[in-house]
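Colleague: I am new to reading protein models, and I would like to understand how the words used for one follow from the values. Could we go through it step by step?

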Amino acid sequence: APQHAERLARRWAAVGAGLNTATKGYPPAALGWSVWGLGALLYLIGFYQRVAPAVITDRLMADFTLGAAALGNLSAFYFYSYVAMQIPTGIIADRWGPRRLLTIGAGVAALGTALFAFAPTIFWANAGRLLIGASVAVAFVSMLKLATRWFKPEQFALASGIALFCGVCGGVVAGVPLRLLVESFGWRPVMMVTAVVTAALCLAIWLFVRDDPSERDYTSYAQAPATNTAHHGSVWHGLMQVLSYRNTWILVIVPIGVAGSVLTFAGLWGVPYLKQVHGLDTKTAAAITSSLLIAWALGGPILGSLSERMGRRKPLYVITTLIALIGWGVIIFIPLPLPALIALLVVSGFACGNLIIGFAFAKESVPVRLMGTASGVCNMGPLMGGMLLQPGVGWILDRNWLGNTASGARVYDAAAYQAGFSLIFACIALSLVLILFARETHCRQAA
């Protein structure tokens, strides 16, 4: 009898535990957004680092004695390692989970920022940028992975758009606020403070973020079991599977021109262009490039949600890319008064927010078990835009330089910038053609 009673007690305890777990259900929205939000903060810092050189081009040129090509290369070192990390990040996110990736990424980002802040030569500055790019590269894919487990499936495009908005907030901080801080304290002390803030975020991520709601006794929204150690075949086999889909190739190349236009203009060459061609001061020029980033951020969630309502990805992607092509074409090739230029930058930036459609498009084009790898592969596209176009525009600027300088920094005329920005226009035109060959997913996950 005592043994029977003990067994009965254990059975009822197990049932009670099951009921307690069941009553928790899906995680509260506040908890889900808080977990996801810490990853978003690392993405914000990464975006801040991405565009910070734009408002300190004069300081970097003078401190390290750089021309446009060398400055473009310094800024692009961030993109070199960022792009190289995308495929490994996607694969590791599928296998190890985002918590460890985000923690390590924030720690290495803090180290790279400190190295950049104390760099005595261009070699060490490049090394710092390389570390920063490689480390913050884990943020976006990890956020997508968290979104699939902490949010409803229909919220994925919204979360992707808000992620872009968070990132662009970092870009806005790297505009006028950063310039004011640099003018008051110098760019090196400001970067050192950034390193300290990033280190604090590293600790917060480790303490609070969890890969799946089940780790807090909630039900996961994931369509597949949340197991970090699950075997999905070899890394190479998974990558080859993702690359076997036509949409993968198209959705990698398309953002090179579309998103690359924003990253190149707002991330590096827009501020010196507005200063040297339109005669604006640095703070005003930074405010204008920040307005481009804000429009880009707003375009992301709005266009992503609109494509969800339409139940189709391709038509809206084509239309917005055409708008971006026309907008940048007018900006580059037609002399405009400043108000008209600002208006067109805002419209073009909003249209370029269509890269969020591309992220959802790419995710839906492969089976769910390959989603992390596909996200990593397709996230290479926007960053390849910055990687290729920033130094590419710089190289063309140097080819058209007339020998003028100001305070140790090179000055380029309107014709030089028009020649350099023509590269942006050509890449967007190629993007528009390629989208026409993408296969529609109708907003449904591939089997």
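**From values to words**

Modeller: This is a predicted model, and a good place to start is Glu364, which is found in helix α15, spanning residues 355-364.

Colleague: Why is Glu364 called buried?

Modeller: The relative accessibility of Glu364 is 5%, and buried means under 20%, so Glu364 counts as buried. Leaving out residues up to four places away in sequence, Glu364 touches Arg313, Thr441, Cys443, Arg444, Gln445 and Ala446.

Colleague: What makes Val258 buried?

Modeller: The reasoning is repeated with another value: Val258 has a relative accessible area of 1%, and since the cut-off for buried is under 20%, Val258 is buried. Val258 lies in helix α11, which covers residues 246-278, and, not counting residues up to four places away in sequence, Val258 touches Thr321, Cys352, Asn354, Ile428 and Ser431. One of these, Ile428, is 170 residues apart from Val258 along the chain, while the C-alpha atoms of the two are separated by 5.5 Å.

Colleague: Helix α11 also packs with helix α17, residues 380-399. Why is α11 called oblique to α17?

Modeller: The two helices pack at an angle of about 55°, with their axes 6 Å apart. Angles under 35 degrees count as roughly parallel and those from 65 to 115 as roughly perpendicular, and because about 55° falls in neither range, α11 is oblique to α17. The crossing of α11 past α17 is right-handed, and the contact has 13 nonpolar, nine polar and no charged residues.

Colleague: How do you know that α8 and α9 are oblique to each other?

Modeller: Helix α8 (residues 176-185) and helix α9 (residues 187-208) pack at an angle of about 120°, with their axes 7 Å apart. Roughly perpendicular covers 65 to 115 degrees and roughly antiparallel begins over 145, so an angle of about 120° leaves α8 and α9 oblique to each other. Their contact is made by Leu178, Leu181, Val182 and Phe185 of α8 together with Trp187, Pro189 and Val190 of α9, and by class these residues are seven nonpolar, no polar and no charged.

Colleague: What makes α5 and α6 roughly antiparallel to each other?

Modeller: Helix α5 (residues 98-117) and helix α6 (residues 122-150) pack at an angle of about 160°, with their axes 8 Å apart. Angles over 145 degrees count as roughly antiparallel, and therefore α5 and α6 are described as roughly antiparallel to each other. In the contact of α5 with α6 there are 16 nonpolar, six polar and two charged residues, and α5 passes α6 in a left-handed crossing.

Colleague: Let us finish with the cysteines. Why do Cys166 and Cys169 not form a bond?

Modeller: A disulfide is a covalent bond between the sulfur atoms of two cysteines. The closest cysteine sulfur to that of Cys166 is in Cys169, at 6.1 Å, whereas a disulfide needs the pair to be within 2.5 Å, so the two sulfurs are too far apart for a bond. Seen from Cys169, the closest cysteine sulfur is in Cys166, and the structure as a whole holds zero disulfides.

Colleague: Are Cys166 and Cys169 buried or partly exposed, and what decides it?

Modeller: Cys166 has a relative accessible area of 18%, which is under 20%, so Cys166 is buried. Cys169 is at 30%, and because partly exposed lies between under 20% and over 50%, Cys169 counts as partly exposed.

Notes: Residues are numbered from 1 along each chain as its sequence is written. This is a predicted model: local features need pLDDT of at least 70, side-chain atom pairs count only at pLDDT 80 or more; totals for chains, interfaces and linings use all residues. Side-chain values use heavy atoms; hydrogens and water are left out. Axes are lines fitted to C-alpha atoms, for helices over the stretch in contact, and angles run from 0 to 180 degrees between N-to-C directions. Helices (H or I, at least four residues) and strands (E, at least two) are DSSP runs, numbered from the N terminus. A crossing is left-handed if the near helix is turned anticlockwise from the far one by less than a right angle, and right-handed if clockwise. Ala, Val, Leu, Ile, Met, Phe, Trp, Tyr, Cys and Pro count as nonpolar, Asp, Glu, Lys and Arg as charged, and the others, Gly among them, as polar. Buried means under 20% relative accessible area, exposed over 50%, partly exposed in between (1.4 Å probe, protein chains only). Contact means heavy atoms within 4.5 Å.
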